[in-house]
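Open the model in your viewer and keep the sequence panel beside it. We will go from the whole chain to single residues, one selection at a time.

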Amino acid sequence: MFLKLNYYKAIVPPRVIPAFAGMTRMNKRAFLFSLVFLALVFASADAWAKNKNVSGTLVISKVFVRPTVPNSLSSAAYMEIANNSDKQEKLISASSPDADQIELIKIMRDHGMRRMHEVDDILVPPHSVVPLKLGTYHLMLIGVKKPLVVGDTVRIELKFAQAGKVILNAPVAEIRARKHKQDR
Ligand SMILES: [Cu+2]
């Protein structure tokens with residue numbers, strides 16, 4: 001068998017694989033058909049997996065953006081990010097056509113005061129939910145193009161390490177809990 005393979009390698013061009021060279025015409029046809037069939041199976045499985053990743057294993061809910069206050073061009077977006085997969089997910093950036101930039105902000109305690117710290121990413125461990133809410137994280141919209149009022153919708157594009165781009169249409173709504181002075 002080993003010798004036979006070497007023999008085929010010697011007489012056929014390098015790009016023709018040895019197994020193919022020894023086949024009858026019918027076998028070649030069946031072999032090519034199998035290759036095409038397998039390629040189609042893998043292509044559709046891949047598409048299905050990608051689709052499932054965005055819509056099934058990564059679930060983003062409770063999304064809203066705060067209205068802007070007078071004389072302010074910034075706002076904050078809140079949501080819950082659920083990762084139902086076995087892999088760690090990571091929010092790596094966010095942007096919006098309605099704002100100059102969006103920063104990922106973590107609230108940290110500093111001498112008893114809550115302060116905003118920009119972070120590079122927000123980790124979402126496998127099978128867990130990370131809330132972006134008062135006291136944890138939020139997305140800081142900087143340089144909004146026009147004042148945001150209740151009833152408006154803000155398009156936010158999130159970029160995840162695993163799932164890639166996720167587009168949200170976030171409603172502008174008042175925050176129900178206590179006030180968060182750091183965001184003003
Ligand atoms: Cu903020």
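Among contacts in the protein between residues at least 6 apart in sequence, 67% join residues at least 24 apart. Keep that in mind as you select, and remember that this is a predicted model.

**Stop 1: the whole chain**

Colour by secondary structure. The protein has 3 helices and 10 strands, and along the sequence the pattern reads α-α-α-β-β-β-β-β-β-β-β-β-β. Of the 184 residues, 18% are buried.

Now colour by pLDDT. The mean for the protein is 80, with 69% of residues at 70 or more. Select residues 1–14: here the pLDDT is below 50, and beyond near neighbours in sequence the stretch has 6 contacts in the model. Residues 44–54 are also below 50, and that stretch likewise has 6 contacts beyond near neighbours in sequence.

**Stop 2: strand β2**

Select residues 74–83. How many of the 10 residues of strand β2 are buried? The count is 7, so β2 is largely enclosed by the rest of the structure.

Next, show the strands that pair with β2. Add β1, residues 58–65; β1 and β2 are antiparallel and share 6 bridges. To see one of these contacts, pick Val59, whose bridge partner in β2 is Ala82.

Then add β8, residues 137–144, which pairs with β2 in the antiparallel sense over 4 bridges. Ser74 has Ile142 as its bridge partner in β8. Finally, add β7, residues 128–132, joined to β2 by 5 bridges and also antiparallel. Here, look for Asn83 and its partner in β7, Ser128.

**Stop 3: the nonpolar core**

Show side chains for Ala77, Leu91, Leu139 and Leu141. Within the largest nonpolar core, which has 27 residues, these four touch the most other members. At least two core residues come from each of β1, β2, β3, β4 (99–110), β6, β8 and β9 (153–160). Which strand supplies the largest share of this core? That is β2, with 5 residues.

Centre the view on Ala77. Leaving aside residues up to four places away in sequence, Ala77 touches Val65, His138, Leu139, Leu141, Ile156 and Ala170.

**Stop 4: Val63 and Lys62 in β1**

Go back to strand β1 and select Val63, which lies in it. Is Val63 buried or exposed? Val63 is buried, because 20 other C-beta atoms lie within 10 Å, and a residue counts as buried at 20 or more. Residues up to four places away in sequence aside, Val63 touches Met79, Leu168 and Ala170. You can also draw a distance from Val63 to Glu80: the two are 17 residues apart in sequence, and their C-alpha atoms are 7.1 Å apart.

Now select Lys62, which is in strand β1 as well. Lys62 counts as exposed because it has 11 C-beta neighbours inside 10 Å; the cut-off for exposed is 12 or fewer. Check its backbone too: Lys62 has a positive phi of about 55 degrees although it is not a glycine.

**Stop 5: a loop with His111**

Select His111, in the loop between β4 and β5 (113–118). Its phi is near 55 degrees, a positive value in a residue other than glycine. His111 is exposed, with 5 other C-beta atoms within 10 Å.

**Stop 6: the open sheet**

Hide everything except β6, β3, β9 and β10. These 4 strands form an open sheet in the order β6-β3-β9-β10, with antiparallel pairing. Which strands are at the edges? They are β6 (122–124) and β10 (164–171), each of which pairs on one side only. Looking across the sheet, you will find neighbouring strands turned by 35 degrees against each other on average, direction ignored.

Zoom in on β3, residues 89–95, which is joined to β6 by 3 bridges. Lys90 has Leu123 as its bridge partner in β6.

For the last selection, bring back the loop between β9 and β10, where Ala163 lies. Ala163 counts as buried, because 21 C-beta neighbours lie inside 10 Å. Draw a distance from Ala163 to Lys90: they are 73 residues apart along the chain, yet their C-alpha atoms are separated by 9.0 Å.

Key
Residues are numbered from 1 along each chain as its sequence is written. Two strands pair if DSSP finds at least two bridges between them. Axes are lines fitted to C-alpha atoms, for helices over the stretch in contact, and angles run from 0 to 180 degrees between N-to-C directions. Two residues are in contact if their C-beta atoms, placed from the backbone, lie within 7 Å. pLDDT is the predictor's confidence in each residue, from 0 to 100. A nonpolar core is a set of buried Ala, Val, Leu, Ile, Met, Phe, Trp, Tyr and Cys residues joined through C-beta atoms within 7 Å.
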